[in-house]
Amino acid sequence: MGNHLTAPDAAVAATTALPAGPPPKGTAVRTRPVYRPRDTTRATGSSHAERVFLVQAAFAELGGSAHGPGKIAEFTGLDDSVVYRILQSGIYQRIFERVDRGLYRLRTSAAQLAFTALDHRLDGAAAQTVLRELRMATDGGLAFLYMVAPFSGAQRQCVDMAVGDSDLAELGMTPRDVLSVTRSLRTGASGRTILAYLPQKLQQRVLAEPVPDQAGPGVYRDNDALSASLTEVRDIGYALGYEECMAGWNSCAAPIIWDGAIMGSVLLLKPKTVMPEAPESFIEATKEAAAELSRHGAARPAADGA
């Protein structure tokens with residue numbers, strides 16, 4: 001069964017080339033791709049701190065398991081020697097680690113920093129309240145909260161739900177189906193919503209994965225069509241799914257974004273017989289639920305001003 005998202009894909013470049021200042025006569029000019037953080041308009045690397053942050057961000061943007069100083073230098077626009085010194089200092093500070101001759105990667109301490117940053121961002125009671133309100137606003141729809149899985153690469157996991165007396169058996173799914181189908185970001189409205197806002201490197205990784213065998217008849221099997229759907233998700237701010245994860249169930253999902261980064265999505269699920277097409281009121285309710293959870297997770301000063 002086909003889907004209705006047909007907008008053309010528009011890959012967003014993560015790098016750009018910037019020339020250096022006017023060189024002396026007879027000096028060759030070399031330009032490099034310069035990394036630009038997503039939430040800033042200027043990143044010159046003019047201070048040591050900015051350079052360190054550029055190198056750290058490069059690992060996330062480049063993807064892959066490990067990189068050498070030369071590749072990081074080319075990506076950030078910094079000199080090779082500067083990158084090398086930052087990496088060596090980072091090893092001592094337990095930020096980077098050498099995994100092979102000339103190759104480095106972020107240490108797990110970077111994940112610890114992320115967990116600290118996420119601590120207290122979203123209260124479980126608040127999430128449950130939002131999901132229950134979505135269920136009420138959609139005439140008993142099944143509401144799910146999916147978040148990016150921290151230990152599974154580019155995947156998702158369900159962390160909360162408001163489904164009344166429903167259970168997996170009623171949905172026609174087993175626990176094994178949950179682990180094999182709904183964790184994939186290329187399957188379902190909630191997965192594609194998260195995938196649409198991930199860096200292009202991670203998107204390509206997901207597109208290279210096979211479609212789960214247990215996926216529904218409406219799943220995107222053609223990567224060009226899947227990529228086009230991601231563009232439309234970014235354009236309109238939500239995704240509609242038609243029997244993607246399982247036969248007989250349609251869905252609507254909207255993104256949860258904290259500080260400019262995709263963290264998860266809110267999913268509304270209803271039987272195809274009840275919701276052959278998602279009405280505008282259901283779409284708006286799903287978007288508002290995601291927006292509310294985005295507001296809960298947004299960075300803001302502590303109450304004591306610390």
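Helices (H or I, at least four residues) and strands (E, at least two) are DSSP runs here, numbered from the N terminus. With those labels in hand, let's walk through the model.

**Before you click**

This is a predicted model, in which local features need pLDDT of at least 70 and side-chain atom pairs count only at pLDDT 80 or more, while totals for chains, interfaces and linings use all residues. Residues are numbered from 1 along each chain as its sequence is written, and side-chain values use heavy atoms, with hydrogens and water left out.

**Stop 1: the whole chain**

Show the cartoon. The secondary structure comes to 10 helices and nine strands. Of the 306 residues in the chain, 43% are buried; buried means under 20% relative accessible area, exposed over 50%, and partly exposed in between, with a 1.4 Å probe and protein chains only. Take contacts between residues at least 6 apart in sequence: 61% of them join residues at least 24 apart. A contact here means heavy atoms within 4.5 Å.

**Stop 2: the loop between E8 and E9**

Select aspartate 259, in the loop between strand E8 (249-258) and strand E9 (261-271). Its phi is near 50°, a positive value in a residue other than glycine. Most residues other than glycine have a negative phi. Aspartate 259 counts as partly exposed because its relative accessibility is 41%.

**Stop 3: a second positive phi**

Now select arginine 94, in the loop between helix H3 (80-92) and strand E3 (96-100). Phi of arginine 94 is near 65°, again a positive value in a residue other than glycine. With a relative accessible area of 52%, arginine 94 is exposed.

**Stop 4: H1 against H2**

Select helix H1 (residues 48-62) and helix H2 (residues 69-76). Their axes come within 10 Å and cross at roughly 100°. Axes are lines fitted to C-alpha atoms, for helices over the stretch in contact, and angles run from 0 to 180 degrees between N-to-C directions. The crossing makes H1 roughly perpendicular to H2; angles under 35 degrees count as roughly parallel, over 145 as roughly antiparallel, 65 to 115 as roughly perpendicular and the rest as oblique.

Show side chains for Leu54, Val55, Ala58, Phe59, Glu61 and Leu62 of H1, and for Lys71, Ile72, Phe75 and Thr76 of H2: these make the contact. By class, the contact of H1 with H2 has seven nonpolar residues, one polar and two charged. Ala, Val, Leu, Ile, Met, Phe, Trp, Tyr, Cys and Pro count as nonpolar, Asp, Glu, Lys and Arg as charged, and the others, Gly among them, as polar.

**Stop 5: H7 against H9**

Move to helix H7 (residues 188-196) and helix H9 (residues 223-236), which pack at an angle of about 75° with their axes 9 Å apart. H7 is therefore roughly perpendicular to H9. From H7, pick Arg192, Thr193, Leu195 and Ala196; from H9, pick Leu226, Ser229, Leu230, Val233 and Arg234. The contact of H7 with H9 divides into five nonpolar, two polar and two charged residues.

**Stop 6: rings and a charge**

Rings of Phe, Tyr and Trp (its six-membered ring) pair if their centres lie within 6.5 Å; planes under 30 degrees apart count as stacked, over 60 as edge-to-face and the rest as tilted. The count by this rule is two aromatic pairs. One of them is phenylalanine 144 with tyrosine 146, a tilted pair at 6.4 Å centre to centre and 35° between the planes. Both of these residues are buried.

Add arginine 156, which lies over the face of tyrosine 146 at 4.8 Å from the ring centre. A charge sits over a ring if NZ of Lys or CZ of Arg is within 6 Å of the ring centre and within 35 degrees of the ring normal.

**Stop 7: methionine 161**

Keep phenylalanine 144 on screen and select methionine 161, in strand E6 (residues 156-162). Not counting residues up to four places away in sequence, methionine 161 touches Gln128, Leu131, Ala143 and Phe144. Its relative accessible area is 37%, so methionine 161 is partly exposed.

**Stop 8: lysine 287**

Finish in helix H10 (residues 280-297), where you will find lysine 287. Which residues does lysine 287 contact, leaving aside its neighbours within four places in sequence? They are Ile236, Gly237, Tyr238 and Ala254. At 27% relative accessibility, lysine 287 counts as partly exposed.
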